[in-house]
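The following exercises are to be worked through with the sequence and the model at hand. Each task is followed by a solution in steps.

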Amino acid sequence: MLCALSGEAPQEPVVSKLSGSVFEKRLIEKYIEENGKDPVSGEDLTLDDLLPIRSARVVRPRPPTLTSIPALLSTFQNEWDALALETYNLNQQLARAREELSTALYQHDAAIRVIARLTRERDEARDALSRVSISAGAPSNGDAMAVDSESLSAELVAKVDETQARLSKSRKKRPVPEGWATPDDITTFALEASNSLPISQPTTLAAEGGYSAIGGLEGEVAIYSVEADKLERSFSVGEPVTDSIWEGSRLFFSTAKGSVKVFESGSEVASFSDHAGPATALAMHPSKAILASVGADKSFVFYDVETLQRATRVYTNAALTTCAFHPDGHLFAAGTDAGEIKLFMTGTGEEAAAFSLGAPVQAITFSENGFWFAATAKGQTTVTIFDLRKQGDAAQAKVLDIGSAVQHLAWDYSQQFLATAGPAGVTVQQYNKGSKSWSEPLRAAVSNALDVAWGPSAGKLLVVNSEGVISVLGPKAES
C-alpha cells in the first residue's frame, strides 16, 4: 500500500471516496488546501471525502533537535514530502501545457492552410475574370457578349427612355444658343492665362462653370478658378486618378486601383470597388442620374447617382479604355484595347453595333447632332468621324488629319467645334453645315497637352499638359 502522491508507504494512510486512491494524510491535506481537487481523478475533493485506513501504527518518538541524526532525518522527510508534492504538480502542469501547445499548433497550421487556399482561389478568380469570354445576343467578329444577371431598375430604365424621348424630339430644331462663340471668335483664340499647379503627373481635366479640377497619378486634385486665375484649393483622392467628371457640387473620380470615388466639398461621400483592375474612364448620362465606369477587367458598371449604389454591370470580351454616352442617353459607347468601339443599349446592356479603329481606342466623344461621334486611337495622328446611321467602312464619315498624336477630344454643345489635345498642342476642327465641309480655325502650341475642355458658351478652352500647367485660351480683346 503506497501513497499515490509520494509513492511511499504512508505512515497515516487515508483513502479518497472519489478515486479510491490511498494517500499520506498530511500530503493529501496540503494538496486539498491548495487545489481542492482529487489529484488522481481531478474531481472536487474535500477533507470530508477522506476515510482513514485502520492499520497497526508505530508510535514515533518525539523528534529531537536538529543536532541529532533522527531530527535531521525527520527534517529531510518533510522536505522530501514537499518536493514530491511539488513535482507531482509540475508534472500535471507540464502535461496540460503540452496539450494546449499541441492544440494551438494544430489550429495555426489549419489557419495557414485555409489562408493559402483562399488566396489561391482569389487569384484564380481574378485571373478568370480578366480572361473571361462572354456570349449574348449580339455577336461581333465571332465573339459574343453576355449581360450580367444584374439589370437597371425600372425607375432608371424609365428615366433613360424619358430622356431619350425629350432630347431627341428637340434636337433637330435646336438653334445655336444665344451668346455662343462664333467661328470668328475661335479663330482669335490666344493664351489668356497659364498657371502651374501642384500636380506632378496630371491625367485628367474636368470643368464646371468657371472652375476646373485637375487630377493626377499621385492621387492629388487641384481646383482652379478660371476667372481669378489661381488655385482655389486642393485635396487628395488617395489613389492614382485616371479620369474625372464634375457635375453640380460633386466630383467623380476613377482610379488605377479599380475604385470610383465621389467627392463633395472636398470630402469623400462614396466609394465603389467594382473593377478587378484599373478603372480607366467615366461618363455621365444626359439625365445626370447614371454614372458609368469602364475598366481593364473587361466590364462597364452603371451607378445610380441619386442613391450612390451600383445599378448594373456588363462584361465584354476585351479590356475597356474609354467611354461616352450618346447625347440622347439611349446608347453607351466603350472603346477597347483591341481597337473596337462597341455601342450598347443603355437600358438593357445589349450590344447594338461595333466600329473598328485598328488600335487601342484613346478617346471618344459624341456630337450633339445625335448621329456622329469622333474617336481616336493610341498613337494615331487622325480623328475619325463615325456616322451611327451607317455600317462598315461606310460609317467613317470623315478622317481628320491632325498631324500629331491625339490624347483627348471634346465636342462643344453647338455641334460646330471639335477640340483635340496632343503632344504637339491643341486644335479646333470646325464643321460647316452649309458647305458640309471641315476646316481648322485654331491651332495653338500648348506643348504636351493631355486633356482639353470647353468653358461656358465655348468662350474659353481649358488645357492641361503633362507638366501640370493649365492654360486658358480665349478670344483676343479688340484693341
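Relative accessible area is graded in three classes: buried means under 20%, exposed means over 50%, and partly exposed lies in between (1.4 Å probe, protein chains only). The structure is a predicted model, in which local features need pLDDT of at least 70 and side-chain atom pairs count only at pLDDT 80 or more, while totals for chains, interfaces and linings use all residues. Residues are numbered from 1 along each chain as its sequence is written, and side-chain values use heavy atoms, with hydrogens and water left out.

**Exercise 1. Describe the ring pair of tryptophan 180 and tyrosine 413, and place both residues in the chain.**

Step 1. Rings of Phe, Tyr and Trp (its six-membered ring) pair if their centres lie within 6.5 Å; planes under 30 degrees apart count as stacked, over 60 as edge-to-face and the rest as tilted. The whole structure holds 22 aromatic pairs by this search.

Step 2. For tryptophan 180 and tyrosine 413, the centres are 6.0 Å apart and the planes make 50 degrees, a tilted pair.

Step 3. Helices (H or I, at least four residues) and strands (E, at least two) are DSSP runs, numbered from the N terminus. Tryptophan 180 belongs to the loop between helix 3 (154-171) and helix 4 (183-187), and tyrosine 413 to the loop between strand 26 (408-411) and strand 27 (417-422). The pair therefore links distant parts of the chain, 233 residues apart.

Step 4. Tryptophan 180 has a relative accessible area of 16% and is buried. Tyrosine 413, at 37%, counts as partly exposed.

Step 5. A further tilted pair joins phenylalanine 366 and phenylalanine 373, because their ring centres lie 5.5 Å apart with planes at 45 degrees. Both phenylalanine 366 and phenylalanine 373 are buried. Elsewhere, ring pairs join Phe300, Phe302, Phe325, Phe332 and Phe344 into a cluster.

**Exercise 2. Which strands stand at the edges of the open sheet with the order 26-27-28-29?**

Step 1. Two strands pair if DSSP finds at least two bridges between them. This open sheet has four strands, and its pairing is antiparallel.

Step 2. Strand 26 and strand 29 (437-444) are the edge strands; each has a single partner strand, so one side of each lacks a neighbour in the sheet.

Step 3. Strand 26 and strand 27 pair over four bridges. Among the paired residues, alanine 410 has alanine 419 of strand 27 as its bridge partner.

**Exercise 3. Examine how strand 8 (residues 220-225) is covered and paired.**

Step 1. Five of the six residues of strand 8 are buried, and the strand is mostly covered.

Step 2. Strand 7 (residues 211-216) pairs with strand 8 in the antiparallel sense over five bridges; isoleucine 214 has alanine 222 in strand 8 as its bridge partner. In their hairpin, with three residues between the strands, glycine 219 takes a positive phi near 85 degrees.

Step 3. Strand 8 also pairs with strand 9 (residues 230-236), again antiparallel, over six bridges. Here the bridge partner of isoleucine 223 is arginine 233 in strand 9. This hairpin has four residues between the strands, and aspartate 229 takes a positive phi near 50 degrees.

**Exercise 4. Why do the buried residues of helix 3 line one face of the helix?**

Step 1. The expected span of a helix is 1.5 Å times one less than its number of residues. The 18 residues of helix 3 should span 26 Å, which agrees with the 26 Å between its end C-alpha atoms.

Step 2. The buried residues of helix 3 are Leu156, Val160, Thr163, Leu167 and Arg171. Seen down the axis, they fall within an arc of 70 degrees (taken from the directions from the helix axis to the C-beta atoms), so they line one face.

Step 3. An α-helix has 3.6 residues a turn, so residues three or four places apart point the same way.

Step 4. The face of helix 3 turned away from the buried side carries the exposed residues Ala154, Glu155 and Lys169.

**Exercise 5. Where does lysine 288 lie, and is it buried or partly exposed?**

Step 1. Lysine 288 is in the loop between strand 14 (279-284) and strand 15 (290-295).

Step 2. Its relative accessibility is 42%, so lysine 288 counts as partly exposed. Although not a glycine, lysine 288 has a positive phi of about 65 degrees.
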